[in-house]
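Grab a pencil and work through these exercises with the model open beside you. Each task comes with a solution in steps, so try it yourself before reading on.

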Amino acid sequence: MARSLPECENFVLERNDGIVSITIDSTTKFNSLNDTMGDELLEIASFLNADDSARCAVMTGSDGVFCAGADVESFDEDGHRSDSVRVGASILHDAIVQFHQAEVPLVTGVNGVATGAGLGIALLGDLVLISEDARFEYGYPRLGLPGDGGATFHLPRLVGLRKAKDIALLDEPISPEEAVEWGLATESVPDDEFDARLDELTRQLADGPTQAYGAVKQLLTRSFDRSLEEQLAAETDAIATAAETDDHAEGVSAFVANREPEFEGQ
């Protein structure tokens, strides 16, 4: 069932033929996270989990900036007390979990700087496209903070523990080439080709077997926490469930007829 898109102050949402486009367009500069963005991000993530019409989601930033992390200038205004940090981080992390659990593929298009919590959000993508004019930064040590937004979860899984410590402790900018080489990004493209390539990737995923994509996302992610026997049992359950879908029937029919499948996400 298609649900109404959330109305947000800091994000622009559009839906087109199964693709939900999420553009970070913060009321604070450099698309930094303000007090309402965590709530809105959670609402968007919850929407993706509930909207049956979504086939793929794509998140990018406005005006050549992805997300510069927290709105640091606001820290002085409220004293940046521990309790306010805890509340803000908890809301953001609820959103991270919801995105993590969403069955539709998520592509993050990093078209500018992604630092701090912005890095954590960028790494949420099942596919991460980065512009050659963009960069990643961990960003927390310069503020005397350890990290949030899921960065400490994703980094060691993507690059290994030793490299993750290098990134977090030395806190040096990461170029698009390094991001791809280290496994932080899927692909780097010139800025003038970025939008076209992002559209191509999201269209390819939106045309695919949505339920199978959702199942394999969860299988891959949860494999770190399971024994081989547990993972094989989960694979058995997932593939047996997928065998009942219309998309599986279409895939078999297309294979036999030697044609391209036309999946409907069902």
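**Exercise 1.** Work out the strand order of the open sheet of six strands, and find its edges.

*Solution.* Start with the order: in this predicted model, the strands run β1-β2-β3-β4-β6-β8, and the pairing is mixed. Next, look for strands that pair on one side only: these are β1 (11-16) and β8 (187-189), the edge strands. Finally, check the twist, which averages 20° from one strand to the next.

**Exercise 2.** Do β6 and β8 pair in the parallel or the antiparallel sense? Then find the helix that packs on the sheet and touches both strands.

*Solution.* First take β6, residues 127-131: its pairing with β8 is parallel and covers three bridges. For a register check, pick I130, which sits opposite S188 in β8. Now for the helix: α8 (residues 191-206) packs on the sheet. Beyond β6 and β8, helix α8 touches β1, β2 (19-24), β3 (56-61) and β4 (106-110). Its direction makes about 170° with that of β6.

**Exercise 3.** Which residues have the most contacts inside the largest nonpolar core, and which helix gives this core its largest share?

*Solution.* The core in question has 48 residues, and F99 and F136 have the most contacts inside it. Helix α1 (residues 37-50) provides the largest share, six residues. Now zoom in on F99: leaving out residues up to four places away in sequence, F99 touches I22, L41, I44, A45, L48, M59, L106, L124 and K217. As a last step, look for another core lying apart from the largest one: that one has 11 residues, including V107, L129, F194 and A206.

Definitions and conventions:
Residues are numbered from 1 along each chain as its sequence is written. This is a predicted model: local features need pLDDT of at least 70, side-chain atom pairs count only at pLDDT 80 or more; totals for chains, interfaces and linings use all residues. Side-chain values use heavy atoms; hydrogens and water are left out. Two strands pair if DSSP finds at least two bridges between them. Helices (H or I, at least four residues) and strands (E, at least two) are DSSP runs, numbered from the N terminus. Axes are lines fitted to C-alpha atoms, for helices over the stretch in contact, and angles run from 0 to 180 degrees between N-to-C directions. Contact means heavy atoms within 4.5 Å. A nonpolar core is a set of buried Ala, Val, Leu, Ile, Met, Phe, Trp, Tyr and Cys residues joined through side-chain atoms within 4.5 Å. Buried means under 20% relative accessible area, exposed over 50%, partly exposed in between (1.4 Å probe, protein chains only).
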